[in-house]
2 protein chains.
Amino acid sequence: MRGLHADTGYLLYRLGLRSGQLFNGFLQESGLRLRHYALLRFLATAEGALQRELSARLGYDPSAIVGLVDDLERAGFVERRPSPDDRRSRIVVLTDDGRTFLRNTDEAGLRVTNDLVQPLDPAERETLHALLLRIAEPGLA
Amino acid sequence: MRGLHADTGYLLYRLGLRSGQLFNGFLQESGLRLRHYALLRFLATAEGALQRELSARLGYDPSAIVGLVDDLERAGFVERRPSPDDRRSRIVVLTDDGRTFLRNTDEAGLRVTNDLVQPLDPAERETLHALLLRIAEPGLA
DNA sequence: GACAATAATTGTCGACGTCAATAGTTGTTG
DNA sequence: CAACAACTATTGACGTCGACAATTATTGTC
């Protein structure tokens, strides 16, 4: 009979939970949660995105995006702008405050990850990251 | 500005979510969820455990254990037996039906994991598993 | 111009984690 | 040995989260 940790998928599930808890812990003081942070991070590379794009790329339901953008707009980190092409759509863009927030929390986020992978030496961390990336985005190969 | 997938911790979080969804998908027909499955798997190696041990080892709140054991007992996969040492405690043991269920779902679980790590060749899967194991249980080194 | 498709939004529902409170039992200590 | 602290399982409450249906406003199509 196979044990609990004999399964890579189950290990991923458990480590994912722990990682999420650590992230939420460090975000606690800012009043945001991991999902807000992920959205901000995505916007930082995208220079503005429609909400349906956020939904597709982050894997959250469109109805979840609404609440997240609401919270971030209230915090002053993003803005909803009308799309010139389609009056149904809103373009969500990072504000200067949002950009500053990301800069300030950058090293804290790194510390969380370092905490997580602490048992590994730098080369192993690199290996792990590369393997996870291939699983996460098979297209990039 | 760092992108979303530059962070190993965030990758773990996202892959953990995906892994959990895949597992819950394959468990759907049995009426159980990932948490039940994890509990059964743990019992398979432990030959009976107190509920507080389940709570500690699986990382679930004691109150969550109650419901999980209720469900599994109703399904006939586990039994609660009185502890001879301490009348407060209950010993949860796997029934024959539970053991059979685990045997029957074993290869389905493996298929889920194979699906997940599909982009990797066998040697890489081995490497990934070993690295994850070191993070999950630093004590085992 | 009727009608299907789409974007954002609202509301609902079940699952889940955390925490406080309780009943029954055990250990401790004065 | 009697009072009291600690522990085990359980119940209940509360907020979060993810999945889904329904609605409104707008766009595309035939």
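What follows is a working chat about a predicted model with two protein chains and two DNA strands.

Trainee: What should I know about the ground rules?

Mentor: This is a predicted model, where local features need pLDDT of at least 70, side-chain atom pairs count only at pLDDT 80 or more, and totals for chains, interfaces and linings use all residues. Residues are numbered from 1 along each chain as its sequence is written, chains are lettered from A and ligands numbered from 1 in the order in which they are written, and side-chain values use heavy atoms, with hydrogens and water left out.

Trainee: Fine. How many helices and strands are in chain A?

Mentor: Six helices and three strands. Those are DSSP runs, numbered from the N terminus: helices are H or I with at least four residues, strands are E with at least two. Along the sequence the pattern reads α-α-β-α-α-β-β-α-α.

Trainee: And what box do the C-alpha atoms of chain A fill?

Mentor: Roughly 55 × 30 × 25 Å, along the principal axes.

Trainee: Now the dimer side. How many residues of chain A are in contact with chain B?

Mentor: 52 residues of chain A, against 52 of chain B. Contact here means heavy atoms within 4.5 Å.

Trainee: What area do chain A and chain B bury between them?

Mentor: About 5100 Å², with 68% of it on carbon and sulfur atoms. Buried area is the accessible area (1.4 Å probe) that two parts lose on being put together, summed over both.

Trainee: How many salt bridges cross that interface?

Mentor: The rule finds two between chain A and chain B. A salt bridge needs a side-chain nitrogen of Lys or Arg within 4 Å of a carboxyl oxygen of Asp or Glu. A:Arg134 pairs with B:Glu124 in a salt bridge, and their closest N and O atoms are 3.0 Å apart.

Trainee: How many residue pairs are in polar contact there?

Mentor: 18 across the interface of chain A and chain B, both residues at pLDDT 80 or more. A polar contact is a pair of N or O atoms within 3.5 Å; within protein, one must be able to donate a hydrogen and the other to accept it, and residues adjacent in sequence count only if both atoms are side-chain atoms.

Trainee: Which elements give two or more residues to chain A's side?

Mentor: α1 (8-27), α2 (34-46), α5 (96-116) and α6 (122-136) of chain A. The largest share comes from α1(A), with 13 residues. By class, that side of chain A has 28 nonpolar, 13 polar and eleven charged residues. Nonpolar covers Ala, Val, Leu, Ile, Met, Phe, Trp, Tyr, Cys and Pro; charged covers Asp, Glu, Lys and Arg; the others, Gly among them, are polar.

Trainee: What turn lays chain A on chain B?

Mentor: A turn of 180°, with a shift of 0.0 Å along the axis and an RMSD of 0.1 Å. That is the relation of a two-fold axis. The copies are superposed by least squares on C-alpha atoms of residues with pLDDT of at least 70 in both. The same surface serves both copies, as 100% of the contact residues of chain A recur in chain B.

Trainee: Which residue of chain A comes closest to the axis?

Mentor: A:Gly16, with its C-alpha at 2.1 Å from the rotation axis.

Trainee: Switching to DNA. Which residues are closest to strand C?

Mentor: A:Gln51, A:Arg52, A:Arg88, B:Arg33 and B:Arg35, out of 16 that surround DNA strand C. A residue is near a strand if one of its heavy atoms lies within 4 Å of it. Of the strand C atoms within 4 Å of the protein, 74% belong to sugar or phosphate and the rest to bases.

Trainee: Which polar side-chain atoms lie by strand C's phosphate oxygens?

Mentor: One belongs to A:Arg80, at 2.8 Å. Another belongs to B:Arg33, at 2.7 Å. For a base, B:Ser63 has a polar side-chain atom 3.0 Å from a base nitrogen of strand C.

Trainee: Which element gives the most to that surface?

Mentor: α4(A), with three residues. The surface near strand C has two nonpolar, four polar and ten charged residues.

Trainee: And strand D? Which residues come nearest?

Mentor: A:Arg33, A:Arg35, B:Gln51, B:Arg52 and B:Arg88, of the 18 around DNA strand D. Sugar and phosphate make up 72% of the strand D atoms that come within 4 Å of the protein. A side-chain N or O atom of A:Arg33 is 2.5 Å from a phosphate oxygen of strand D. For A:Arg88, a side-chain N or O atom is 3.3 Å from a base oxygen of strand D.
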